[in-house]
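Please work through the following exercises with the sequence and the model open side by side, and try each task before reading its solution.

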Amino acid sequence: MKMDKGFDINDLTDDERMLLDKIRRRKEKLIEEIQLLQSEISGISEEMDGMDVAEDRKESSREKKLVDGKKKFNVNPDEGITYLIDQGLLERNCEEVAKFLYSDGLNKTAIGDYLGEREPFNLDVLNAFVGMQELRGMLIVSALRQFLWSFRLPGEGQKIDRMMEKFAERYCELNPGIFTTTDTCYILSYAIIMLNTTLHNANVKMKTGIDQFVSMNRGINNGGDLPRDLLEEIFDSIKKEPFKIPEDDGNDLNNTFFNPDKEGWLWKQGGRYRNWKRRWFILADKCLYYFEYTTDKEPRGIIPLESLSVRECAEVQSRPHCFELFGLNAEVIKACKTDKKTGKVIEGRHNVYKMSAATGKEMDDWMRSINSYISHNPVYDMVHVKRQKIKHTGY
């Protein structure tokens, strides 16, 4: 069959025409099948695109809930963990929660508060959290630096005690033979923390020397002494580089104000003019903050409670129910306030801060709450208990 410009279907034989017709029908059927496949492919593609969009939306929603959960945790750790569990983003499993506490975006103070709680689940999480610390082969001061960088120690003595005992257990587990008992590691860890304070806190005038540090730790190793070269290495490390306290983000102050230990109105006496002004006080995070109005976002003044004490005082200028904060070393109290005219933060000049409550009961409540922070250093109490235990039981 010759098909050129002079091709004429009439020149074809009957068999050739039948073959050509068959080819045309087959071609038309193939075109229909191709069009059907294209339609099916297009439908599948649209379905897949829809699934991708749904998955993207699901992932976006998950990320948003995770961010919300972290924000809730930073304000209230228990509520944050409960929210994440309810949303299916976290299992109620101590190992999973412990892993979560190492996530970015969490407030280190909130982590410390959560780990310090004595609820059974929190204690299991604390155990898992400390168990994730790799301290093998590390000098104790280096291990302590790593441990204390993963959260901020809470202010309550019992919480600190639980956390430090877990640290001592973990360190001794991974470094057998260095200390006779975990109590030795526990006491030495506190001694290191106290050494850091005495060497690097500007309020401490009498700095601890190496001989004093060695003397402080005599007999803590199950009645025996630790090697002097170990104590000297620890001393030199702390003297050269203080502990770094983990910083939280800018929301840290707001988180503090969301969860105060006590708040309310008090009258405060001025430092220069001795006049009395009503201020809204918030007690939190080892500080006493005061505001001009309850709606203010920033405090007018901040009084750190470290190295201070509180006592009732006589009625001042017809102000009843008075009490005062005073420095243990009788020097100017380290505090700051915002200058109302310039907006600049300036150093306070108070030797004492005098406050007046509305009733005697309110005064007692304020003094009791403040005193719970500053009446004594829980570290010394706990170390004393441990020392007495070693002294009387030998272990």
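**Exercise 1.** In which loop is the place of R300? Decide also whether R300 is buried or exposed, and find the side chain that a polar contact joins to that of R300.

*Solution.* The model is a predicted one, and in it R300 lies in the loop between β3 (287-291) and β4 (301-304). The next step is to take its relative accessible area, which is 19%; because buried means under 20%, R300 counts as buried. Finally, following the side chain of R300 leads to the side chain of E292, with which it makes a polar contact of 3.2 Å.

**Exercise 2.** Establish how many residues of helix α4 (residues 108-116) are buried, and examine how N107 is placed at the start of α4.

*Solution.* Of the nine residues of α4, eight are buried, so that the helix is mostly covered. The buried residues include K108 and T109 at one end of the list and L115 and G116 at the other. At the start of the helix, a side-chain oxygen of N107 comes to within 2.8 Å of the backbone nitrogen of T109.

**Exercise 3.** Describe how helix α6 (residues 140-149) and helix α10 (residues 228-240) cross, and name the residues that meet.

*Solution.* The two axes come within 9 Å and cross at roughly 40°, which makes α6 oblique to α10. From α6, the residues I140, V141 and R145 meet I234, S237 and I238 of α10. Sorted by character, the residues of this contact comprise four nonpolar, one polar and one charged.

Methods:
Residues are numbered from 1 along each chain as its sequence is written. This is a predicted model: local features need pLDDT of at least 70, side-chain atom pairs count only at pLDDT 80 or more; totals for chains, interfaces and linings use all residues. Side-chain values use heavy atoms; hydrogens and water are left out. Helices (H or I, at least four residues) and strands (E, at least two) are DSSP runs, numbered from the N terminus. Buried means under 20% relative accessible area, exposed over 50%, partly exposed in between (1.4 Å probe, protein chains only). A polar contact is a pair of N or O atoms within 3.5 Å; within protein, one must be able to donate a hydrogen and the other to accept it, and residues adjacent in sequence count only if both atoms are side-chain atoms. Axes are lines fitted to C-alpha atoms, for helices over the stretch in contact, and angles run from 0 to 180 degrees between N-to-C directions. Angles under 35 degrees count as roughly parallel, over 145 as roughly antiparallel, 65 to 115 as roughly perpendicular and the rest as oblique. Contact means heavy atoms within 4.5 Å. Ala, Val, Leu, Ile, Met, Phe, Trp, Tyr, Cys and Pro count as nonpolar, Asp, Glu, Lys and Arg as charged, and the others, Gly among them, as polar.
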